[in-house]
Amino acid sequence: MADFNQDSHPDYGVLEASGNRTAILYLLGPMVIGAAVGLPRPAGWALVATADFNGDSYPDYVLYNTNMRQTAIWYLNNNVYIGGAFGPPLPVGWALLAAADFNGDG
């Protein structure tokens, strides 16, 4: 959940359960007011969180590959992919729950 379209209302980043497509559902309270198809996720990777990693005020996707224990960040401008980077791998037995600015460093 994040504000993908910069309208000051939270939106949903969603993943198709039976396929590999991502989408953004734009919300006004509990009502869907629009949608945009996002990038297809690569095989073996799950969409696990959203947060603004590059400081452009748009949420980015965090993906996780359980086989490699590797994280990746997809930088987005609304639903448009503008770049990506690998994040840190996770230790054995750990899973990613959320992404946020926990230490307040922006």
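**Notes on a predicted model**

1. Let's start in the loop between S4 and S5, which is where Ser 57 sits. Keep in mind that this is a predicted model. Phi of Ser 57 is near 75°, a positive value for a residue that isn't glycine. Most residues other than glycine have a negative phi. At 47% relative accessibility, Ser 57 counts as partly exposed, because the partly exposed class runs between 20% and 50%.

2. Another serine deserves a look. Ser 8 belongs to the segment before S1, and its phi, near 70°, is positive too, again in a residue other than glycine. With a relative accessible area of 66%, Ser 8 is exposed.

3. On to charges. How many salt bridges does the structure hold? Just one. The partners are Glu 16 and Arg 21, with their closest N and O atoms 3.0 Å apart. Glu 16 itself is partly exposed, at 28% relative accessibility.

4. Arg 41 is a residue I'd have you click on. You'll find it in the loop between S3 and S4. Arg 41 is buried yet has no salt bridge. The nearest side chain of opposite charge is Glu 16, and that is 7.5 Å away. A salt bridge has to fall within 4 Å, so this distance doesn't qualify. What does the side chain of Arg 41 reach at 2.6 Å? The backbone oxygen of Trp 45.

5. Trp 45 leads to the aromatics, where the count comes to four pairs. In one of them, the rings of Trp 45 and Phe 86 have centres 6.3 Å apart and planes at 40°, so the pair is tilted. Trp 45 lies in the loop between S3 and strand S4 (46–51), while Phe 86 is in strand S7 (residues 80–86), so the pair ties together parts 41 residues apart in sequence. Are the two partners buried or exposed? Trp 45 counts as buried, at 11% relative accessibility, whereas Phe 86 counts as exposed, at 63%.

6. Next comes the pair of Tyr 61 and Trp 74: ring centres 6.4 Å apart, planes at 35°, so this pair is tilted. Tyr 61 is in strand S5 (residues 60–65) and Trp 74 in strand S6 (residues 70–77), so the pair ties together parts that are 13 residues apart in sequence. Both Tyr 61 and Trp 74 are buried. They also belong to an aromatic cluster, which Phe 4, Tyr 61, Trp 74 and Tyr 81 form together.

7. Now for the surface. Which residues make the nonpolar patch of about 290 Å²? They are Leu 28, Met 31 and Ile 33. Met 31 is found in strand S3, which covers residues 31–40. With a relative accessible area of 52%, Met 31 is exposed; the cut-off for that class is over 50%.

8. One last residue to find is Ala 17, in the loop between strand S1 (12–15) and strand S2 (21–28). Ala 17 counts as exposed, at 83% relative accessibility. To get your bearings, try going from Ala 17 to Phe 86: they are 69 residues apart in sequence and 24 Å apart in space, C-alpha to C-alpha.

Notes. Residues are numbered from 1 along each chain as its sequence is written. This is a predicted model: local features need pLDDT of at least 70, side-chain atom pairs count only at pLDDT 80 or more; totals for chains, interfaces and linings use all residues. Side-chain values use heavy atoms; hydrogens and water are left out. Patches are made of residues with over 30% relative accessible area and no salt bridge: like charges are joined within 9 Å, nonpolar side chains (Val, Leu, Ile, Met, Phe, Trp, Tyr) within 5 Å. Accessible areas come from the Shrake-Rupley method with a 1.4 Å probe; for residues, only the protein chains shown count as cover. Helices (H or I, at least four residues) and strands (E, at least two) are DSSP runs, numbered from the N terminus. Buried means under 20% relative accessible area, exposed over 50%, partly exposed in between (1.4 Å probe, protein chains only). Rings of Phe, Tyr and Trp (its six-membered ring) pair if their centres lie within 6.5 Å; planes under 30 degrees apart count as stacked, over 60 as edge-to-face and the rest as tilted. Lys and Arg count as positive and Asp and Glu as negative; His and the chain ends are not counted. A polar contact is a pair of N or O atoms within 3.5 Å; within protein, one must be able to donate a hydrogen and the other to accept it, and residues adjacent in sequence count only if both atoms are side-chain atoms.
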